[in-house]
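Reader: I would like a close look at a single part of this model, with its surroundings described carefully.

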Amino acid sequence: MAASLVFRLHNRGPKLVKEVLLERGWVEYDEDKREEDDWNLYWRVSAFHNSEYHNLLPWQRFNHHPKTAGITRKDHLARNLRRMRATFGSALYDFSPTVFILPNDYIRFLAEYNRLRLMRGLSVYWICKPVDLSRGRGIFVFEDIKDLIYDCSVIVQRYISNPLLISGYKFDLRIYVCVKSFHPLTVYIHQEGLVRFATEKYNLSSLHNLYSHLTNTSINKFGPFYKTKKERVGQGCKWTLSEFRHFLHSQDIGDVFLWQKINNIVTLTLLTIAPSVPSCPNCVELFGFDILIDNKFKPWLLEVNYSPALNMDCQVDITVKKGLISDLIDVMNYTLADSLRERAYERKQHKQPHFLAKYSSHVKSPLSKFKETTSQKQRSGSQSSQAQTLMLLKHLCQPVKVNRKESRPHAFIAEYQRNLPPVDSNDIYKGRPKKINTTAANTHKQKTLNLILSSHSRTNESEVNKQRCLGLAPWLEDVRILHVSDVTRLGDTETEADTELSGGRGVSSSIHDMSPRVLGSRLSAHKLPNIHSRSNHKPVRIPPERSIAPNVHHIPPPRVGDFIRTFPFNLATLRASQHKLEIKTVVQELHKLTAQLATMDKKLWGKEKEGKKNKVDEEDFDALLWGLKDTPLLSHFLKPS
Ligand code: ADP
């Protein structure tokens with residue numbers, strides 16, 4: 001492996017992530033041996049602070065997007081779904097049980113409770129859950145309002161009292177959803193997931209029996225029947241999603257529509273927060289969607305989990321979660337930008353970035369200076385990523401005392417400098433009365449910039465400055481200007497222009513580039529510029545029509561391991577998500593697809609599949625059908641004979 005990638009785990013966990021990454025040849029971050037920024041992936045079970053997002057360097061990734069609590073906190077999810085229901089109609093947003101946030105909604109709950117009670121012959125059950133707890137903690141089911149006792153903020157949700165049962169046992173599905181990017185929205189759902197069983201038979205006359213009503217493993221693994229071999233379910237309390245698929249087929253139950261409805265739930269839920277999540281191309285998120293299926297085969301969303309549990313309680317966990325994490329790392333698509341860390345920090349010899357160590361032991365790292373300054377600023381208000389990038393550059397330009405006799409730049413810096421175009425050192429301060437023009441400052445500035453970029457990137461700071469001077473929204477220009485001078489990755493979005501420009505330049509052999517990507521994300525807001533690009537003095541002009549039309553050659557891959565791309569799923573949704581997310585269009589397309597799937601003939605697909613299995617027209621924007629065994633192509637599935 002030419003370049004080891006470095007992972008950092010908060011509080012030493014989760015073990016599974018460590019295991020998978022070590023197996024893949026990654027190295028664990030050691031704070032005694034490495035600089036603060038000398039890592040490629042930081043994994044935390046809890047949330048990152050806002051300031052940490054602002055300080056991300058080009059080669060660094062987080063396992064969380066910012067501000068996703070809008071769906072992962074039970075009360076926030078309830079509010080957001082309510083809002084969407086009001087906007088798009090309750091027929092569309094009908095997948096979550098009626099819910100009230102208490103104490104605020106108490107009066108409304110009381111009214112609904114009484115209304116339903118008065119309806120003859122109907123027993124109505126409710127479930128009460130603390131808003132910010134997980135793993136079944138504090139949850140209880142009740143029928144009579146006198147049993148509703150709470151001492152913290154809770155949600156009271158209509159209890160789905162007619163769940164689909166397998167041999168009398170209640171179960172729910174844990175669906176793993178990876179949001180690769182919120183701008184543009186790019187979603188993958190894993191083919192494998194968990195079916196989580198209650199360990200005692202479902203019984204509405206014993207509402208207090210949690211082993212009968214809750215499907216959380218954290219509860220059922222302590223149940224008296226956990227180890228018992230239960231009819232059909234077997235020992236323990238879990239199946240894989242594949243086993244569930246097999247079960248459905250063995251019962252002759254058509255599952256196409258079921259998976260599509262679950263798929264819709266995932267998309268519609270993510271749409272509630274997608275426009276408000278700040279763009280953070282260096283992040284990825286794995287959500288756990290909990291879905292309960294009722295006896296009419298209607299799937300219900302129970303909740304969305306932030307940092308779904310990765311502990312290994314049984315063989316099923318090992319089968320599902322190991323592959324899941326491995327595929328997630330593949331979705332992150334470590335590429336050229338990630339090798340920059342390796343270039344910046346020569347391991348073993350230097351704890352600090354290589355050339356700084358050579359220059360002077362008392363010169364403070366520009367990176368740490370940058371961090372100090374940005375965090376100071378962040379305390380007083382928020383900043384755009386671009387502003388921070390510029391600030392980083394400014395820091396890099398500060399004159400430093402250099403013992404020039406000692407200053408022999410690293411080979412890659414030297415090579416890089418030979419290829420550099422002349423730099424207008426005033427550019428970076430354009431419009432500012434700053435007087436920094438010493439040779440030492442320029443040398444340092446350039447070398448430091450080289451450190452942040454790569455030996456292959458011929459970016460210079462005047463290009464970066466042009467980016468700024470053109471304003472922060474170049475995509476709004478009539479003639480769109482794509483600067484190849486960008487300083488960091490735009491997600492892992494590589495545009496056609498990038499590809500042309502990069503000319504297949506060397507990337508660490510251990511880092512493969514596996515996906516064609518969407519042009520449009522280049523143009524979305526709040527982006528830091530791109531590090532993939534080869535430098536060029538002149539900005540690359542993209543004709544407006546080309547930059548507006550989605551480039552069908554650069555779409556997210558339909559499949560990464562067992563992750564199936566579920567959004568965008570056709571050209572219309574690709575277009576609708578490239579700039580400002582057009583939720584109405586997405587909703588219409590979802591409707592269309594669901595209607596098509598509902599009416600399609602399964603046998604027909606069997607015939608189609610035979611003839612066309614291997615023929616994938618690369619010009620088409622197609623998608624795979626998540627959920628189904630063998631994940632057929634959507635176009636083949638829907639094609640009439
Ligand atoms: P937690 O975050 O504590 O796991 P959940 O909302 O996932 O909370 O609820 C825990 C379990 O309770 C679920 O796995 C499911 O078995 C059951 N449950 C939750 N809500 C409902 C509901 N509305 N109807 C039926 N069962 C539910």
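Is Tyr113 buried or exposed, and what is its relative accessible area?

Author: In this predicted model, Tyr113 is buried, since its relative accessible area is 4%, which falls under the 20% that marks the limit for a buried residue. Tyr113 shares helix α5, which spans residues 106–118, with Phe109, and the two stand 4 residues apart, about one turn of the helix. Phe109 is likewise buried, with a relative accessible area of 0%. The structure holds 23 aromatic pairs, and Phe109 and Tyr113 make up one of them: their ring centres are 5.9 Å apart and their planes meet at 45 degrees, so the pair is tilted, an angle that lies neither under 30 degrees, as stacking would need, nor over 60, as an edge-to-face pair would.

Another pair may be set beside this one. The rings of Phe244 and Trp259 have centres 6.2 Å apart and planes at 90 degrees, so this pair is edge-to-face. Phe244 belongs to helix α8 (residues 241–250) and Trp259 to helix α9 (residues 256–273), so the contact ties together parts that are 15 residues apart in sequence. Phe244 counts as buried at 0% relative accessibility, and for Trp259 the value is also 0%, so that Trp259 counts as buried. Both residues are members of one aromatic cluster, which also includes Phe171, Phe197, Trp239, Phe247 and Trp626. Trp259 has a charged neighbour as well, for Arg245 lies over the face of its ring, at 5.4 Å from the ring centre. Elsewhere, Lys298 lies over the face of Trp300, at 4.5 Å from the ring centre.

Notes
Residues are numbered from 1 along each chain as its sequence is written. This is a predicted model: local features need pLDDT of at least 70, side-chain atom pairs count only at pLDDT 80 or more; totals for chains, interfaces and linings use all residues. Side-chain values use heavy atoms; hydrogens and water are left out. Rings of Phe, Tyr and Trp (its six-membered ring) pair if their centres lie within 6.5 Å; planes under 30 degrees apart count as stacked, over 60 as edge-to-face and the rest as tilted. Buried means under 20% relative accessible area, exposed over 50%, partly exposed in between (1.4 Å probe, protein chains only). A charge sits over a ring if NZ of Lys or CZ of Arg is within 6 Å of the ring centre and within 35 degrees of the ring normal.
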